[in-house]
Amino acid sequence: MTVSRDESFVSLVPRLVSATYFDEAATAVLQAMFACVEEALADSPLASRARILRGVVHLRPEGSYQRLFGIDRLSGARIEGTGYLTSGSVWSWIEKHRCSVSIDVQRASLRSWMPDGAAIELRHPSETAGMPGDATRERMLGRDATHVHVVPLRAPGGSVDGMITLEASCRGAVGLELPWAECHEELAILASIAGAFIAARALPLRSDDPASPDEFLPVVGQSTAPLVELLRAFAPRDDTILITGPTGAGKSRLARWCHEHSQRRGQPFESLDLLGVPEDLQMAELFGWKRGAFTGAVKDNPGAIARAAKGTLFLDEIDKLSLKAQAGLLRFIEERTYRMLGDDGAGERRADARLLVGTNADLRAAVRAGRFREDLYYRINVLPVRLLPLAERLDELPRWADYMLNRRHQEADGKGTARFEPEAMKLLVSAPWPGNLRQLDNIVRRAYALQLAGQSGLGGDLLILRRHVERALTFDSDAEPSALIKLLWRAALSFVNEAERRRGGSAPLPLELTDAFRGMVLGAAVQRTGNRDDAFTLLGQEPLLKNRNHHRTLRRELSRVREVLDLLGGDVDPGLLAVLDTDKEP
């Protein structure tokens, strides 16, 4: 049944409101857009030759893919894979200019639709930076897409959080205008309506094959599952994947997962961390060198690109690449050729390697500052994804900790199982993790070593106690001076949350209760040192020791702790109960 343009507008909002999944909302807006274009096409001289092929909704808040869904116009079926991706350069253009654009793929030209309705033909190379590259255009024509219309997907606050692409086929219309001109304003309105619902609600993507752990990615939590779902579509392609995220979050592991789920699995996977490569050796490490090419080159070295032949090369910390090396990498990406250092006589070498890139930096800011080439940025920003810090996926932390512990236990030839007691796991979950998974792995290793220090062998089951984790965490206090501030801030937020919960009740939460924190710190110091005098010395309270007033001070501070417990109730940490036992005369 054909849906009219007016009917599509009327029915869109109720469908968006009732949608519980991203694919339902995306299907609703795409079908409304199909109806809009086809009604305009019916009145066009090209009606008998042109047809709408497919549409895709790209959700890309802050530049990184979050959701992606497309449907075929004829069958209504979901488009599998990512062959329908327009290109990273198109997104960069949309993000910069914030208005719709029509692409004549055969003619390699752009027409920009300005907010006032005016159309501007873009032909000059400096104006057509949003034009897909030759390889992408060939893929488009290969799937019969001769004309593409792209509309910004705006969030309620006005930011451009994605785009909607519509592909049409009309090979006889080279240089002729498809009916985008007749309906681009209505398409922009439909996209604005969709943005108010889709971008704001962050609907999950329904999947018949949900992301599940495997040997290369042993933990997949609720917050990471959408990312893995995207990468499952991205991995089989040869386009560059840009993985952003904080240091230690697991970008290298994710890159290896992409390789193992690609058509290149079984071939080499080469990883090069540019942070550890001096600038004057970056070209050599990438492209290799011949003996005598420079001081210290005592033998030939094939380089990372050659070692990754027919496989995958992961370049981590790409922002550390020098401008000279960036130029060489750009040439390799565009032409798939390179030259080894000191190999002037052999000519150009060719390499077939898929490129994955990682960084914890804002590459767009680096481009603006002149530290990163803009053309290289567009070449690697094809399939961008963002890996969240561990603090934003704490649902995964217990499983990661168990995985790391048992891996360590197996490496040590331990017998039986290894696990954390519940109180130890609670402490891990409540700690700040500025170093992400890398820091967690260090803490698990330390806690394991501390546990083994108290027993004679590895026989039987192994249990990591809370005191082992407490001790392991103390080693990070000097390396992460901001960790204490984060913990105190988290405690302050928890106090305010409880105060809000009690708002309007008969027993509000008074600010004076925060004084109990002093007593907790004093008690914890006594428990850790095992001696009151040492505890007060540790905390810089020597004057109290000289006057022998520290016993009275400790009792007074711990009485405030009891007041808080009497008021709030609930489960009490075993360590805190032990602290309260210190309130006795020596």
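**Exercise 1. Determine what share of the protein chain is buried, and set this beside its secondary structure, contacts and surface.**

Solution. In this predicted model, buried residues make up 46% of the 586 residues in the protein chain. The secondary structure of the chain consists of 23 helices and 16 strands. Turning to contacts with a separation of 6 or more, one finds that 68% of them join residues 24 or more positions apart. Finally, the chain exposes about 28200 Å², and carbon and sulfur atoms supply 51% of that area.

**Exercise 2. Check whether the end-to-end distance of helix α10 agrees or disagrees with the expected span, then work out which of its residues are buried and what they pack against.**

Solution. Begin with the length: helix α10 covers residues 323-335, which is 13 residues, and at 1.5 Å a residue the expected span is 18 Å, because the rule multiplies 1.5 Å by one less than the number of residues. The C-alpha atoms at the two ends are 18 Å apart, so the model agrees with the expectation.

Next, list the buried positions of α10, which are A325, Q326, G328, L329, L330, F332 and I333. In reading such a list it helps to recall that an α-helix has 3.6 residues a turn, so residues three or four places apart point the same way. The buried residues of α10 pack against the helices α8 (282-287), α9 (304-307) and α12 (374-380), and also against the strands β10 (312-316), β11 (337-338) and β13 (354-359).

Last, look just past the helix, where α10 is followed by R336, a residue with a positive phi near 55°.

**Exercise 3. Classify R137 and G162 as buried or exposed, and identify the residues that each one contacts beyond its neighbours in sequence.**

Solution. R137 belongs to helix α4, residues 134-142. Its relative accessible area is 18%, and because the cut-off for buried is under 20%, R137 is buried. When neighbours within four places in sequence are left aside, R137 is in contact with V105, Q106, A108, M131 and P132.

G162, by contrast, sits in a strand, β7, which runs over residues 160-169. With a relative accessibility of 0%, G162 counts as buried. Under the same exclusion of neighbours within four places, the contacts of G162 are H58, L59, R60, W91, V151, P152 and L153. One of these, H58, is 104 residues from G162 in sequence, yet the two C-alpha atoms are 5.3 Å apart in space.

**Exercise 4. Establish how many cavities of 30 Å³ or more the model contains, and describe the lining of each by residue and by class.**

Solution. The count comes to two cavities of 30 Å³ or more. The largest cavity holds about 70 Å³ of space, and its lining is formed by L217, V219, T224, A249, G250, R253, L254, L387, R393, E396, W400 and L437. Sorted by class, the residues of this lining divide into seven nonpolar, two polar and three charged.

The second largest cavity has a volume of about 30 Å³, and the residues that line it are M404, R407, R408, E411, D441 and R445. In this lining there are one nonpolar, no polar and five charged residues. To place the lining in the secondary structure, note that α13 (397-411) and α15 (436-453) each supply at least two of its residues, with the largest share, four residues, coming from α13.

Methods
Residues are numbered from 1 along each chain as its sequence is written. This is a predicted model: local features need pLDDT of at least 70, side-chain atom pairs count only at pLDDT 80 or more; totals for chains, interfaces and linings use all residues. Side-chain values use heavy atoms; hydrogens and water are left out. On a 1 Å grid over the protein atoms alone, a cavity is a set of points where a 1.4 Å probe fits but cannot get out, and a pocket is an open set with protein on both sides within 12 Å along at least five of seven lines; lining residues have an atom within 4 Å of a point. Grid points are joined across faces, edges and corners, and a volume is the space filled by probe spheres set on the points. Ala, Val, Leu, Ile, Met, Phe, Trp, Tyr, Cys and Pro count as nonpolar, Asp, Glu, Lys and Arg as charged, and the others, Gly among them, as polar. Buried means under 20% relative accessible area, exposed over 50%, partly exposed in between (1.4 Å probe, protein chains only). Contact means heavy atoms within 4.5 Å. Accessible areas come from the Shrake-Rupley method with a 1.4 Å probe; for residues, only the protein chains shown count as cover.
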